[in-house]
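The following questions and answers work through a single chain, from its overall build to a few of its residues. Please keep the sequence and the coordinates in view while reading.

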Amino acid sequence: MTSSTPAIALSIAGSEATGGAGAQADLKTFEELGTFGIIALTCIVSFDPKNNWGHRFVPVAPQVIADQLEATQTAYAGSLDTVKLGMMGTPDTIATVAAALSNQEWKNVVLDPVLICKGQEPGAALDTDQALQAQLLPKATFVTPNHFEAEVLSGIEIKTVEDLKEAARIIHEKSGAAVLAKGGVRLEGPDAVDVFFDGETLEVLATPKVGEVAVSGAGCSLAAAVTAELAKGVAPLEAARNAKAFVTEAIKHRVGSAAPFDAVYQGGARA
Ligand code: PXL
C-alpha cells in the first residue's frame, strides 16, 4: 500500500432509499472523511408516504449477504481491518454476518446497535435484539447506542447525563468495547450531550443543540464517521470527537423534503 492509498472502510448495513440514513449515509461519510468506502447490503427500507412514512422492510437473502462479504473480504484480504455494522433486521442476517466476521481478524468493529425498525413485527424485533446482543455485541470494539438503545442495552432509565454515564459504564462492562452513548435531543438542556467511555477514560462530549428535532441519518453518520477515523488510525476518543464535529456540521446543513424529517448532509463540513 502506498501512502496515497486510502484506508478501507466496510459497512454492513441496510439501504434507506431517501438517502438520509443507512448504507447511503455510511458511504457518503466514508468518502467525505477520505476513506475508500464499501457496502454489503443487509436489507432495503423504503418509507411509505401513503402510510405515515412507515418503514417497508425487505431483507436481503442470507446467501446473498454471505456472497457480498465473501467478495469483499477476498478482494481486500490483508488491507480490510475496519467494519461498521448498521441495521441487520433479522436473526438470520445477524447469524450470517457474525459467521463472516469470524473468517478474519479485525482491528475495529464499530456496532451501531440499530434495535428496532418501525416496519418490523414486535416479536421479530425482540428476536433480532437478542441475536444482536448475543452474536454481534461481543465482537464489537466500539458501540454507538442512541438514547433508546442505551436504555435497552444497559437496562437502566436515562434521564440525565449522570444516567447516560452509568449506561455507558454498564454497556462497556457487557461488551468490553469503547462506548459512545448518545443523548442527542432526548436529554433536556441546551447541549447535545454524548458520553464516551472505554474502561479508563470517561468524557462528556457536548455541543450546542442545532434544534430540538432529531434529523434522519445523524446516528448512522456518527458511527460511520467514527469508523472512518478509526480506519485511518485515529485513536477511539479522538475519533469520537471528530465524528461529533462532523455530524454537527451535517445537521446544520440538513436537507428538507416532503418526508416529515430532514436528512443530514455529509458535505456540511465542506459547505
Ligand atoms: O437510522 C437507523 C436506520 C438504519 N438503517 C436503515 C434505516 C434506518 C432508519 O430508517 O432505514 C436502513
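Q: How many helices and how many strands are there in the chain?
A: The model examined here is a predicted one. Counted along the chain, its secondary structure comprises 8 helices and 9 strands.

Q: Why can the chain be called as compact as a globular protein of its length?
A: For 271 residues the globule rule gives 18 Å, and the radius of gyration of the chain is close to that value, so the chain is as compact as a globular protein of that length. Along the principal axes, the C-alpha atoms fill a box of roughly 50 × 45 × 40 Å. The radius of gyration itself is 17 Å.

Q: What percentage of the 271 residues is buried?
A: A residue counts as buried when its relative accessible area is under 20%. By that cut-off, the buried share of the 271 residues in the chain is 51%.

Q: What share of the contacts with a separation of 6 or more joins residues 24 or more positions apart?
A: A contact here requires heavy atoms within 4.5 Å. Among the contacts in the chain with a separation of 6 or more, the share that comes from residues 24 or more positions apart is 65%.

Q: How much of the accessible surface belongs to carbon and sulfur atoms, and how far apart are the mean positions of the positive and negative charges?
A: The accessible surface of the chain is about 11900 Å², and carbon and sulfur atoms contribute 54% of it. The chain carries 20 positive and 32 negative charges, and the distance between their mean positions is 5 Å.

Q: Which strands are the edge strands of the sheet?
A: The 9 strands form an open sheet with mixed pairing, in the order β3-β2-β1-β4-β5-β6-β7-β8-β9. An edge strand in this sheet pairs on one side only, and this is the case for β3 (54-59) and β9 (202-208).

Q: In which sense do β1 and β4 pair, and which residue of β4 stands opposite L10?
A: Strand β1, residues 8-16, and strand β4, residues 82-85, are joined over 3 bridges, and their pairing is parallel. Opposite L10 stands, in β4, the residue V83.

Q: Which residues in the loop between β2 and β3 have a positive phi although they are not glycine?
A: Most residues other than glycine have a negative phi. In the loop between β2 (36-48) and β3 lies N52, which is exposed with a relative accessible area of 68%, and W53 lies in that loop too. A positive phi of about 60 degrees is found for N52 and also for W53.

How values were computed: Residues are numbered from 1 along each chain as its sequence is written. This is a predicted model: local features need pLDDT of at least 70, side-chain atom pairs count only at pLDDT 80 or more; totals for chains, interfaces and linings use all residues. Side-chain values use heavy atoms; hydrogens and water are left out. Helices (H or I, at least four residues) and strands (E, at least two) are DSSP runs, numbered from the N terminus. The radius of gyration is taken over C-alpha atoms; the globule rule is 2.2 Å times the number of residues to the power 0.38. Buried means under 20% relative accessible area, exposed over 50%, partly exposed in between (1.4 Å probe, protein chains only). Accessible areas come from the Shrake-Rupley method with a 1.4 Å probe; for residues, only the protein chains shown count as cover. Lys and Arg count as positive and Asp and Glu as negative; His and the chain ends are not counted. The place of a charge is taken as NZ of Lys, CZ of Arg, CG of Asp or CD of Glu. Two strands pair if DSSP finds at least two bridges between them.
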